[in-house]
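Me: I am new to this structure and would like to go through it in questions and answers. Please keep the replies plain.

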Amino acid sequence: MCEFLWGVGTGAFQVEGSWRKDGKGSSIWDRFTRSEFRDADSTGTSADSYILLDKDLSALDFLGVTFYQFSISWSRLFPTGVVAAPNEKGLQYYNTLIDSLLYRNIDPVITLYHWDLPLMLQEKYGGWKNESMIELFNDYATFCFQTFGDRVKYWITIHNPYLVAWHGYGTGIHAPGERGKIRTVYSVGHNLIKAHAKVWHTYKENFKPYQKGMISIVLGSHWIEPNKLEDESDISKCQKSMERVLGWFAKPIHGDGDYPEELKNEFLFLPRFTEDEKNYIKGTADFFAFSFGPSNFKPPNTLPKMGQNLSLNLREVLNWIKLEYNSPRILIAENGWFTDSHAKLYWEGMNQKTSSLFLAIKYDNIDVFGYTAWSLLDGFEWQYAYNIRRGLFYVDFKSKKKERIPKSSALYYKQIIQENGFFPKDSTPNLQAQFSCDFSWGITESVLKVSIKY
């Protein structure tokens with residue numbers, strides 16, 4: 001039986017719409033969009049996945065994916081953020097979505113937190129600046145495991161905590177829009193790591209024995225290459241850059257439980273983990289969930305490039321992860337391209353990404369078991385609002401029907417899934433083969449340069 005997973009993904013706030021409908025509470029992004037974007041009212045509808053679920057399911061049927069990665073809106077289940085009696089309409093929506101996926105033999109991959117924190121938790125506690133969020137998040141996660149876990153085998157705790165910390169509490173271009181001190185940024189990151197670890201242990205101890213699922217956290221990164229390949233100083237700068245971005249979260253979780261030495265040496269105020277905390281945090285991921293793409297880390301000045309060159313070479317960053325973190329099993333949890341708001345067609349970006357992925361698996365023995373194309377639908381793209389499009393399916397936001405119209409990338413991805421690999425006429429020269437039978441396809445939305453030969 002073929003086990004490689006091909007999938008596609010979305011974020012709840014990006015596509016669900018209906019932010020005032022059926023008892024849903026406000027999130028930090030609801031408030032942020034109303035204050036920061038002129039077209040904020042349109043975020044109340046977006047692609048309208050909440051009321052047009054059948055159209056999303058038809059789009060998934062068209063692609064033939066084996067999994068769908070989506071996030072739960074915390075405030076749709078619990079309007080205040082505090083776990084009590086759930087909002088029944090929200091609960092019904094997610095139960096229907098999960099059951100509809102399983103009916104189609106599509107595995108649900110559920111993200112618990114994709115940035116839309118309930119507004120009341122921000123107002124009462126200060127959001128992720130406050131350690132109280134660790135227990136509040138664990139309560140919410142526990143409810144989700146209890147309620148949906150009998151049907152869900154893959155869980156993601158937090159989507160890209162780097163962006164939560166930097167853009168939410170540093171640059172202020174993401175909700176809650178705080179332009180804080182760098183100490184605050186790293187304090188938020190510290191709490192996010194501890195919250196993830198708490199939830200991982202809760203699942204392992206109370207649910208994994210009989211639900212048999214797996215749980216991880218999506219970590220996003222850039223990839224950076226030295227100006228001069230022979231210059232040890234440039235190479236060292238690239239390594240430091242990767243440690244400050246991906247290593248910030250990956251080393252505690254996938255490594256030894258502590259921050260990279262580069263970070264600790266550079267920022268003496270960096271929060272410290274106790275020895276017990278290090279032991280509690282390390283190893284709290286059943287696989288390495290990785291997000292990579294051209295729009296992940298804009299604007300570039302948030303990155304410590306150190307005078308070196310940014311690159312979109314997926315193959316090389318996967319090799320770095322393999323070397324740095326002892327050949328983990330990897331799920332590409334978000335990968336894609338984007339176009340401007342008027343474009344309806346694109347496929348070259350997907351061609352490059354999937355070809356690079358195949359080379360990494362075939363020639364470098366990278367243990368990738370699934371790929372998530374990002375995203376299923378055009379939607380609200382955070383600080384870019386509706387000015388860029390990342391969907392495999394085009395959505396006319398001004399229409400009432402909001403039909404899902406497949407782009408060339410959707411057609412291309414559909415064929416890759418059908419072939420479970422690349423077909424001769426479009427593949428890299430001499431690249432004619434299939435992915436392993438245990439690879440999964442999905443949809444969703446680096447460090448030292450690794451020398452690769454094949």
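**Helix packing, core and loops**

Me: At roughly what angle do the axes of helix H8 (residues 161-169) and helix H11 (residues 232-254) cross?

Reply: This is a predicted model. In it, the axes of H8 and H11 come within 10 Å of each other. Their crossing angle is roughly 120°.

Me: Are H8 and H11 perpendicular or oblique to each other?

Reply: The range for roughly perpendicular is 65 to 115 degrees, and antiparallel begins over 145. The axes cross at roughly 120°, so H8 and H11 count as oblique.

Me: How many residues of each class are in the contact of H8 with H11?

Reply: From H8, the residues Pro161, Tyr162, Ala165 and Trp166 take part. They meet Arg244, Val245, Trp248 and Phe249 of H11. By class, this contact has one charged residue, no polar ones and seven nonpolar.

Me: Which residues have the most contacts inside the largest nonpolar core?

Reply: In soluble globular proteins, nonpolar side chains tend to be buried together. Here the largest nonpolar core has 124 residues. Those with the most contacts inside this core are Trp128 and Phe290.

Me: Which residues is Trp128 in contact with, leaving aside its neighbours within four places in sequence?

Reply: Contact is taken as heavy atoms within 4.5 Å. With neighbours within four places in sequence set aside, the partners of Trp128 are Tyr113, Leu117, Met133, Phe137, Val164, Tyr169, Val188, Asn191, Leu192 and Ala195.

Me: How many residues does the second, separate core have?

Reply: This core includes Phe287, Ala289, Leu331 and Ala333. It is separate from the other core, and its size is 11 residues.

Me: How far apart in space are Ser291 and Ile332, C-alpha to C-alpha?

Reply: Ser291 is in strand E7 (residues 288-292). It is buried, because its relative accessible area of 0% is under 20%. Ser291 and Ile332 are 41 residues apart in sequence. In space, C-alpha to C-alpha, Ser291 and Ile332 are 6.2 Å apart.

Me: How many disulfides are there?

Reply: Cys144 is buried, with a relative accessible area of 0%. Cys238 is also buried, at 0%. A disulfide needs a pair of cysteine sulfur atoms within 2.5 Å. By this rule the number of disulfides is zero.

Me: Which residue does a cis peptide bond join to Ala175?

Reply: Omega of this bond is about 10°. The partner is in the loop between H8 and helix H9 (182-206). That residue is Pro176.

Me: Which residue does a cis peptide bond join to Trp374?

Reply: Omega of this bond is about 0°. The partner is in the loop between strand E11 (368-374) and strand E12 (388-389). That residue is Ser375.

Me: Is Asp48 buried or exposed?

Reply: Asp48 is in the loop between helix H2 (28-36) and helix H3 (53-63). Its phi is near 60°, a positive value in a residue other than glycine. Its relative accessible area is 7%. That is under 20%, so Asp48 is buried.

Me: Is Lys212 buried or exposed?

Reply: Lys212 is found in the loop between helix H10 (208-211) and strand E5 (214-220). Its phi is near 60°. Its relative accessible area of 59% is over 50%, so Lys212 is exposed.

Terms used:
Residues numbered from 1 in each chain as written. Predicted model: local features only at pLDDT ≥ 70, side-chain atom pairs only at ≥ 80, totals over all residues. Heavy atoms only, no water. Core = buried A, V, L, I, M, F, W, Y, C linked by side-chain atoms within 4.5 Å. Buried < 20%, exposed > 50% of the residue type's maximum accessible area, 1.4 Å probe, protein only. Axes fitted to C-alpha atoms, helices over the stretch in contact; angles between N-to-C directions. Helix = DSSP H or I, 4+ residues; strand = E, 2+ residues; numbered from the N terminus. Parallel < 35°, antiparallel > 145°, perpendicular 65-115°, else oblique. Nonpolar A, V, L, I, M, F, W, Y, C, P; charged D, E, K, R; others polar.
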